[in-house]
Amino acid sequence: MEDTTIVCGGGGVWGVAWMTGLFHGLTELGFDPRRAAAFIGTSAGSIVGTQLAHGLDLLALYQRQIDPSWRARIRAPSPGSWQKLEQLFSVDEPDHVARVKMIGAAALTADTLPYEQRRDELAARIGLSELTWPAKRLLVTAVDCESGAFTTFDAHSGVALIDAISASCSVPCVWPVTPIRGRFYMDGGVWKTPENAHLAHGVSQAIVFAPLGALATSASELQADLAALRASGTRVLCVTPDDNALKAQAAGILDPSSCKPAAEAGRAQALAVAAELRSFQR
């Protein structure tokens, strides 16, 4: 996998758990995602991408998902905040930038927990003793709340890794926006798709792990991004959750109760995904 860029999409704590279980299972079967050349992460994917790029122990990360006593606290969103977000996304606004700015305006005025508290909780969940950018290339996405501009952060951006991850995970109206250099940022998945697979343009080979890849509101745009990558000469494989993994999100993708069943479903799915990878690499 040394010539591969791994793209990790958004999907809440459920998505983190599914990808963690899947990556642990793949490593058991001889496909170690930590060997990839580069990583692109959006929202939940920014957490998992960071863990992979730093080469963290996938068994330990998996155990943290299936046993709450192993992991840092995962806070459930406040009542009504997810419903508020769903209402925003259901607004009929054909202009993409106007829609993103509308969501950003709501995020800026939302009543959430303090940013510093959210930042500390995220840092504890990642599992790094020192939150520094990895030696391997890692790209983390976010969206400027006021301008609606799509933004990426990396080791050369001059932004602390935890701030980049926090920005990418700032689900509007659910978690606080992230202040960086006088601007405010929200979840990178707000832009067009939860994956932002278009950022893999120009690489020789990309594997896209898309927890929300079948989401009705963005599936067609994801497929368009994948088609554009293939047309440009990039070999692409897209991996989405199977039925068992999808059932694990019954309580909601931000509900901590989804972690254990999602991680177990991801690990079980690894056998089928390993077969896809063997075919893909040939």
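How many of the residues of strand 3 are buried? The answer is in point 2.

1. Basis. This is a predicted model, in which local features need pLDDT of at least 70, side-chain atom pairs count only at pLDDT 80 or more, and totals for chains, interfaces and linings use all residues. Residues are numbered from 1 along each chain as its sequence is written, and side-chain values use heavy atoms, with hydrogens and water left out.

2. Strand 3. Of the 8 residues of strand 3, 7 are buried, and the strand is mostly covered. Strand 3 spans residues 137–144. Buried means under 20% relative accessible area, exposed means over 50%, and partly exposed is in between (1.4 Å probe, protein chains only). Strands (E, at least two residues) and helices (H or I, at least four) are DSSP runs, numbered from the N terminus.

3. Partners of strand 3. Two strands pair if DSSP finds at least two bridges between them. Strand 2 (residues 38–41) runs parallel to strand 3, and 4 bridges join them; here phenylalanine 39 stands opposite leucine 138. Strand 4 pairs with strand 3 in the antiparallel sense over 4 bridges. Strand 6 (residues 183–187) is also antiparallel to strand 3, with 3 bridges.

4. Residues facing each other. Alanine 142 stands opposite threonine 151 in strand 4 and opposite aspartate 187 in strand 6. Valine 140 has phenylalanine 153 of strand 4 opposite. The hairpin of strand 3 and strand 4 has 5 residues between the strands, and glycine 148 takes a positive phi near 75° there.

5. Strand 4. In a regular strand the side chains alternate between the two faces of the sheet. Strand 4 (residues 150–153) shows this alternation: Thr151 and Phe153 point to one face and are buried, while Phe150 and Thr152 point to the other and are not buried.

6. Helix 7. All 8 of the 8 residues of helix 7 (residues 161–168) are buried, so the helix is largely enclosed by the rest of the structure. Among these buried residues are Asp163, Ser166 and Ser168, along with Leu161 and Ile162.

7. Aromatic pairs. The structure holds 3 aromatic pairs. In one, phenylalanine 23 and phenylalanine 209 are edge-to-face, 4.7 Å centre to centre with 80° between the planes. This pair links distant parts of the chain, with phenylalanine 23 in helix 1 (residues 12–28) and phenylalanine 209 in strand 7 (residues 205–209), 186 residues apart. Phenylalanine 23 is buried at a relative accessible area of 1%, and phenylalanine 209 is buried at 1%. Rings of Phe, Tyr and Trp (its six-membered ring) pair if their centres lie within 6.5 Å; planes under 30 degrees apart count as stacked, over 60 as edge-to-face and the rest as tilted.

8. Charges over rings. The charged end of arginine 118 sits over the ring of tryptophan 175, 4.2 Å from its centre. Arginine 235 lies over the face of phenylalanine 280, at 4.3 Å from the ring centre. The criterion is NZ of Lys or CZ of Arg within 6 Å of the ring centre and within 35 degrees of the ring normal.

9. Threonine 109. This residue is found in helix 5 (residues 96–109). Threonine 109 is exposed, with a relative accessible area of 65%.
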